[in-house]
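Please look through the structure shown here and follow its packing from the inside outwards. The account below begins with a single side chain and widens from there.

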Amino acid sequence: MLFLRLLLILAGIEFSVYLHKIKFVFAPVFGLLIVLFLIVELYFYVKSIILLYDKTISSIIQNDFSSDFSRYKTNQNDLFKLYDILKSKQNEQVSRDIIYTSILNNIETGIIILKKENSEWNVFLMNDYFSKHFDVPKVSNWKLLKSQLPSLCEVIEEQDFQEIKTSLEIRVNEQNSQTFVMQTSRTEIYELDYFIVLLDSIQNVVEKKEKEAWVNLMKVISHELLNSITPIRSISQNLQELVEQDSISAEDLEDIKNGVGTMLRRSDLLQKFVEGYRKLAMLPSPKKEKIELQKMIDNCFQVMNPLFKNKQIEVINTISFDHWLLVDHEQIEQALINLLTNSLHALENAIEKQISIAAEIKENRIFIKITDTGNGIDKEIENKIFLPFFTTRKEGAGIGLTLSKSIIEAHGGYLDFRNQEGKTTFVICLIE
């Protein structure tokens with residue numbers, strides 16, 4: 001378009017000169033007026049192009065992509081293509097920010113992100129949960145936040161905005177103080193320093209875990225009860241129909257005997273289930289006494305050795321040191337026997353049948369490890385194996401691992417497991 005305008009101006013000048021040469025008087029003047037008009041039009045055209053380019057570059061510099069330059073875009077104009085590319089990326093970034101902010105605002109954890117600017121920290125982001133739970137407006141100044149939550153901000157300042165994990169008490173809405181777990185992290189992105197603070201109410205965490213535990217427990221209990229009550233009720237109806245007959249044949253009598261036997265077996269299973277639940281719910285407090293570790297292990301092997309020999313299982317005791325423990329040895333032995341029994345059943349279909357027991361002392365803690373060469377624990381059930389009454393065996397009661405875990409936790413320790421290279425290791429940790 002610019003080239004065409006220049007061509008018209010040159011043609012107008014040439015034509016006016018030509019008219020002047022052939023002695024036309026007024027025609028050259030008219031031609032020059034047309035040329036002047038074309039020059040003025042060219043000036044305003046170039047000016048509009050420059051202004052348009054200036055506006056486009058200014059929008060890019062200021063990160064403002066609200067304008068629409070699509071009608072000016074041509075195949076030869078790389079500036080408008082660049083604008084569209086940057087606009088598209090900006091829209092994607094805005095969408096991402098909206099999604100991330102929405103996710104953060106829906107998390108039931110207090111989240112606040114600080115950003116360091118000119119050696120001073122300011123609030124970069126505060127999620128809705130933090131603002132509502134602590135009744136704090138979404139301020140951007142660190143000093144304003146400190147005036148609202150001094151107990152939190154003082155702990156952070158004392159640690160000089162370094163990574164920490166601790167618990168602290170914070171008063172919420174002028175109520176009694178609540179205990180929160182605070183975890184912080186610090187990261188640098190594109191030479192910008194960020195400090196992330198996460199706050200979880202211990203009460204909320206405990207209530208959530210308790211609710212999940214109760215839901216899972218009620219599922220198991222209702223499942224077990226229905227498995228026993230449904231067939232008992234069905235058999236009872238059949239027996240009622242049989243005994244209401246005028247006469248009972250030998251075949252009916254046999255059916256009655258079978259039905260009563262089935263009801264008895266189901267009742268036994270139901271009683272076994274209730275006794276298992278009672279054993280879990282009424283676990284007595286540990287009566288701690290000193291006992292040698294090796295003696296306690298030997299006591300467990302005396303109970304389990306006949307089963308190991310019967311199943312042709314090789315048992316290796318690698319504990320080479322002796323150590324005194326202050327525990328309720330009957331309860332700990334029960335936990336060890338449960339774990340050994342669990343390993344024994346895990347080796348039923350294994351080619352190599354081996355159980356090893358080891359121990360080590362670290363930082364005032366003793367770790368007792370029981371490893372078997374079974375098929376390991378499937379990923380799908382890893383988070384269920386300690387649930388009450390959960391079992392993968394038809395004849396299992398599903399309380400062995402749960403009871404063992406409860407016993408160890410009653411002693412102030414923990415029970416965990418690891419799957420490594422086709423082997424399963426249960427680890428008992430006891431505090432000295």
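In this predicted model, Leu 336 touches Met 296, Ile 297, Cys 300, Ile 368, Ile 370 and Ile 428, when residues up to four places away in sequence are not counted. Leu 336 is also, together with Leu 293 and Phe 426, among the residues with the most contacts inside the largest nonpolar core, which has 40 residues. Several elements build this core, since α9, β8, α10, β9, β10, α11 (400–410), β11 (414–420) and β12 each supply at least two of its residues. Separate from it is a second core of 24 residues, and this one includes Met 126, Val 136, Trp 142 and Leu 145.

Of the elements that contribute to the larger core, helix α9 can be followed in some detail. It covers residues 293–310, 18 residues in total, and from its first C-alpha to its last it reaches 26 Å, close to the 26 Å expected at 1.5 Å a residue. The helix nevertheless bends by about 50° at Met 304, and a proline, Pro 306, follows within four residues of that point. Met 304 is itself one of the buried residues of α9, a set that also contains Leu 293, Gln 294, Met 296, Ile 297, Cys 300, Phe 301 and Phe 308. What do these buried residues of α9 pack against? Their partners are the strands β6 (289–292), β7 (314–317), β8 (324–327), β9 (354–362) and β10 (365–372), along with the helix α10 (329–346). Just after α9, the backbone at Gln 312 takes a positive phi of about 55°.

Strand β10, one of those partners, is mostly covered, with six of its eight residues buried. It pairs with β9, to which it is joined by eight bridges in an antiparallel arrangement, and within this pairing Ala 358 stands opposite Lys 369 of β10. The hairpin of β9 and β10 has two residues between the strands, and in it Glu 363 takes a positive phi near 45°. Strand β10 is also joined by eight bridges to β12 (residues 423–431), and these two strands likewise run antiparallel; here the bridge partner of Arg 365 is Ile 431 in β12.

Two further positions deserve attention for their backbone angles. Most residues other than glycine have a negative phi. Asn 118, although not a glycine, has a positive phi of about 55°, and Phe 161, also not a glycine, has a positive phi of about 55° as well. The place of Asn 118 is in the loop between β1 (110–117) and β2 (120–126), while Phe 161 lies in the loop between α6 (150–158) and β3 (165–171). Is each of these side chains buried or exposed? Asn 118 has a relative accessible area of 75% and therefore counts as exposed, whereas Phe 161, at 9% relative accessibility, counts as buried.

Taken over the whole chain, the secondary structure comes to 11 helices and 12 strands. Of its 432 residues, 32% count as buried, and the accessible surface comes to about 28500 Å², of which 54% belongs to carbon and sulfur atoms. Among the contacts in the chain with a separation of 6 or more, residues 24 or more positions apart account for 55%.

How values were computed: Residues numbered from 1 in each chain as written. Predicted model: local features only at pLDDT ≥ 70, side-chain atom pairs only at ≥ 80, totals over all residues. Heavy atoms only, no water. Expected span 1.5 Å × (residues − 1). Bend = angle between axes of the 7 residues up to and from the residue. Buried < 20%, exposed > 50% of the residue type's maximum accessible area, 1.4 Å probe, protein only. Contact = heavy atoms within 4.5 Å. Pairing = 2+ DSSP bridges. Core = buried A, V, L, I, M, F, W, Y, C linked by side-chain atoms within 4.5 Å. Areas by Shrake-Rupley, 256 points an atom, 1.4 Å probe, with all protein chains shown as cover.
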